[in-house]
Amino acid sequence: MFSSSDNNFASIIGHSPDLESVIRTAQIAAAADVSILIEGETGTGKELMAQALQQSSRRADKPFVIINCAALPTELVESLFFGHEKGAFTGADERKDGYVQKAAGGTLFLDEIGELPLSLQAKLLRFVENGECQRLGSHETEIIDVRILAATHRNLLQMIDDGSFRQDLFYRLSVVSIRLPNLKQRRQDIPELANHFLKEAASRNQTTACTFSKEATNQLKHYSWPGNIRELKNVCEHVSALLPGETINKENLPLNFTDNQSSDTSAYTLPEHGIDLESLEVDLIKQALNHTNGNKSRAAKLLGLSRDAFLYRLKKHKL
Ligand SMILES: Nc1ncnc2c1ncn2[C@@H]1O[C@H](COP(=O)(O)OP(=O)(O)OP(=O)(O)O)[C@@H](O)[C@H]1O
Ligand SMILES: [Mg+2]
């Protein structure tokens, strides 16, 4: 069904239902030439997803310009985005293109979009809406055709509530939104991901690949993974460098894996007599709403749920 563009998503390893459903949405959206917002915690593969989307789009062989919005110097931000005329400011001794001109006909990936200063958000909105922009120091309006992909680990709905992100820009950027699951929401993918990273490290170091023992795999599967897939990749690179080609036992894993504080398996112990899961869920949802004075986005965050998953549960329990 998605034959020609399928391979571009093959670099995204994993078969958990959550991830597969995200990939299916992404495969369809890639072809649609609309703005896509990629959300997910740090290290969940947002940049990898943006690359796969661009590669599967009809703009694959056109420019792909990546902007890290968290690393923009505030004074230069407008000219970096939209370019400037000669003499537009002290030091502007020639006319220069900005990111949007460099991306013309192709794709602009706005990484860490939550960090974009409010002052630029209005100008970006105008550009996203109708492709209009002005170089600094010019009165002429240019129209540039660019497809926008954006990513963030921030909760933009909460930022809208706080007044630090524009709601109109949010809607223009998230014509389709894709939320990548945390690693702990897709533990079944851990062995496959680990093997992939071990093989990758071995081929880079020109050694035989390590393998994880059963106990070590178990340990990996029960860890909380705050750094998500990037953290798992680091662990695989660490053991591959120190114990090339060997079977990695529990004891060989970096220290934090044996620290129960960082493992979330013991966070809750099921009592002998069991529990009533439905009423526990209702109770926790009510507590979360109480904590946040009824703010649903923040309550969802407290429970580690996406806003959609939280709203689904509210409806399910008729709350
Ligand atoms: N599903 C996956 N399969 C294989 N590799 C993955 C997968 N997800 C992430 N990675 C790898 O993990 C690392 C982190 O991914 P990436 O940089 O895309 O995360 P991110 O969500 O952009 O993180 P951050 O918010 O910190 O920028 C990269 O080396 C990436 O190639
Ligand atoms: Mg990233």
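This report describes three helix–helix packings and the surroundings of ligand 1 in a predicted model.

**Helix packing**

Two packed helices are described by the angle between their axes and the distance between the axes. The table lists these values for three pairs.

| Helix pair | Angle between axes | Distance between axes |
|---|---|---|
| Helix 9 (residues 190–205) and helix 10 (residues 214–222) | about 115 degrees | 10 Å |
| Helix 9 and helix 11 (residues 228–242) | about 45 degrees | 9 Å |
| Helix 12 (residues 277–291) and helix 14 (residues 307–316) | about 120 degrees | 11 Å |

Helix 9 takes part in two of these packings, with helix 10 and with helix 11.

Helix 9 and helix 10 pack at about 115 degrees, which means that helix 9 is roughly perpendicular to helix 10. The crossing of helix 9 past helix 10 is right-handed. On the helix 9 side, the contact is formed by Ile 190, Pro 191 and Ala 194, and on the helix 10 side by Thr 217, Leu 220 and Lys 221. By class, these residues comprise 4 nonpolar, 1 polar and 1 charged.

For helix 9 and helix 11, the packing angle is about 45 degrees, so helix 9 is oblique to helix 11. Helix 9 also passes helix 11 in a right-handed crossing. Helix 9 contributes Ile 190, Leu 193, Ala 194, Phe 197, Leu 198, Glu 200, Ala 201, Arg 204 and Asn 205 to this contact, where they meet Ile 229, Leu 232, Lys 233, Cys 236, Glu 237, Val 239, Ser 240 and Ala 241 of helix 11. The contact of helix 9 with helix 11 has 11 nonpolar, 2 polar and 4 charged residues. Ile 190 and Ala 194 of helix 9 appear both in the contact with helix 10 and in the contact with helix 11.

The remaining pair is helix 12 and helix 14, with an angle of about 120 degrees; these helices are therefore oblique to each other. Helix 12 passes helix 14 in a left-handed crossing. Glu 278, Glu 281, Ile 285 and Leu 289 of helix 12 make contact with Phe 310, Arg 313, Leu 314 and Lys 316 of helix 14. This contact divides into 4 nonpolar and 4 charged residues, with no polar ones.

**Surroundings of ligand 1**

There are 18 residues around ligand 1, of which Ile 13, Thr 42, Gly 43, Lys 46 and Lys 233 come nearest. Lys 233 is also one of the helix 11 residues that meet helix 9.

Oxygen atoms of ligand 1 take part in several polar contacts. An N or O atom in the side chain of Lys 46 is 2.6 Å from an oxygen atom of ligand 1. For Arg 230, a polar side-chain atom lies 2.9 Å from a ligand 1 oxygen atom. Thr 44 contributes a backbone N or O atom, at 3.3 Å from an oxygen atom of ligand 1.

How values were computed
Residues numbered from 1 in each chain as written. Chains lettered and ligands numbered in written order. Predicted model: local features only at pLDDT ≥ 70, side-chain atom pairs only at ≥ 80, totals over all residues. Heavy atoms only, no water. Axes fitted to C-alpha atoms, helices over the stretch in contact; angles between N-to-C directions. Helix = DSSP H or I, 4+ residues; strand = E, 2+ residues; numbered from the N terminus. Parallel < 35°, antiparallel > 145°, perpendicular 65-115°, else oblique. Left-handed = near helix turned anticlockwise from the far one by under 90°. Contact = heavy atoms within 4.5 Å. Nonpolar A, V, L, I, M, F, W, Y, C, P; charged D, E, K, R; others polar. Near = heavy atom within 4 Å. Polar contact = N/O pair within 3.5 Å; in protein donor to acceptor, adjacent residues only side chain to side chain.
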